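Work through the exercises below with the structure open beside the text. Try each task before reading its solution.

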Amino acid sequence: MSDPHNGSVPGRIMAAEMAEQPAVLQRILDEGAPKIREIAAGIAARSPRFVLLTARGTSDNAALYAKYLVEILLGKPAGLTSMSTITAYGAQPDLTDVLVITVSQSGGSPDLVASTKAAREAGAITLAVTNNPDSPLAEVSEFHIDVLAGPEKALPATKTYTAELLALYLLVEGLRGGDGSAAKELPGLAAGVLARQAEVRALAERYRFAQRLVITSRGYGYPTAREAALKLMETTYIPATPFSGADLLHGPLAMVDNVSPVIAIVPDGKGGEALQPVLDRLRGRGADLVVIGQRAQVEAASAGFALPAGVPEEVQPILEILPLQQLAHEVTIARGQDPDAPRALAKVTETH
């Protein structure tokens, strides 16, 4: 039997890691959730005033998802930090009683470590969310959550991203005293979505020769749009621009015409409702519109991929990204490239 992690076939490693995601999600629910609840209880007892999230790249999109969770489910203000204010400019903010969550797959980037260390010295409650419990970031943080994704060898992050999303959801649920029940069906649902790869392969034919892509969503779906754009750019090299639907209407809509491919992530819930005027305008401009999400919106679009109905909106991003990861993989292979090893990328990016 061939080794599924054998990189001799282009894209084989990324494909194997995408396929691991249902098992990773189940591992977090079974093994990680008790520890996450314990950490959340310890943090909640200290009543943080607000939350700051620190991350780069794919993990930055997971952090943006956590920002939505914190603001909607906890009712606390949350922000994304600019690390250079500390690492380059030497700013010394007062972070007393602030929860600083740093999200990183490797936990090894010097600016993440330095800014987290500085935040702790400035009075913050520091929590690292990583796939490496022995990392420098975990060492300098007061608390650490291991996302339990296992080694990730492909350069594009897939299983670590969805693992971060689930860990962050369980953390926020723990902070508000919830039971995280919205996530219990995710492993099985994820397996069902990933099994529909033939549908994604058919979609990939639309983008094989694309010169650019626009990706849009609102609410909980917006981090998915950003992550999908990142995956497509780093693997296919097609310029893919993510927009909040609200921002798209404020000017960039002018660049969309009847030959411009647009991917819309349409959540089943308030985010999808807020996106409706954007979808109407896109159809009015004759855009080549592909929808990921609500079945009714998929049926009204040029093409798309319907996601399971009845899933609570706050955990839908864990499913939304799966066909888009597969799309990046399939388009890259169709263009004669290897998604396992995009040019000019390193697995651990060390920024300062």
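Two exercises follow, one on a sheet and one on aromatic rings.

The model is predicted, so local features need pLDDT of at least 70 and side-chain atom pairs count only at pLDDT 80 or more, whereas totals for chains, interfaces and linings use all residues. Residues are numbered from 1 along each chain as its sequence is written, and side-chain values use heavy atoms, with hydrogens and water left out.

**Exercise 1.** Find the order of the strands in the open sheet and say which strands stand at its edges.

Step 1: Strands are DSSP runs of E with at least two residues, numbered from the N terminus, and two of them pair if DSSP finds at least two bridges between them.

Step 2: The order of the 5 strands is β7-β6-β8-β9-β10, with parallel pairing.

Step 3: Because β7 (240-244) and β10 (303-306) each have a single partner strand, they stand at the edges, and one side of each is left without a neighbour in the sheet.

Step 4: Inside the sheet, β8 (residues 261-266) is joined to β9 (residues 288-293) by 6 bridges, and Ile265 stands opposite Ile292 in β9.

**Exercise 2.** Describe the aromatic pair formed by Tyr68 and Tyr220.

Step 1: Rings of Phe, Tyr and Trp (its six-membered ring) pair if their centres lie within 6.5 Å; planes under 30 degrees apart count as stacked, over 60 as edge-to-face and the rest as tilted.

Step 2: With 6.1 Å centre to centre and 45° between the planes, the pair of Tyr68 and Tyr220 is tilted.

Step 3: Tyr68 lies in helix α3 (residues 57-74) and Tyr220 in the loop between β6 and α10 (221-236), so the pair ties together parts 152 residues apart in sequence.

Technical notes
Helices (H or I, at least four residues) and strands (E, at least two) are DSSP runs, numbered from the N terminus.
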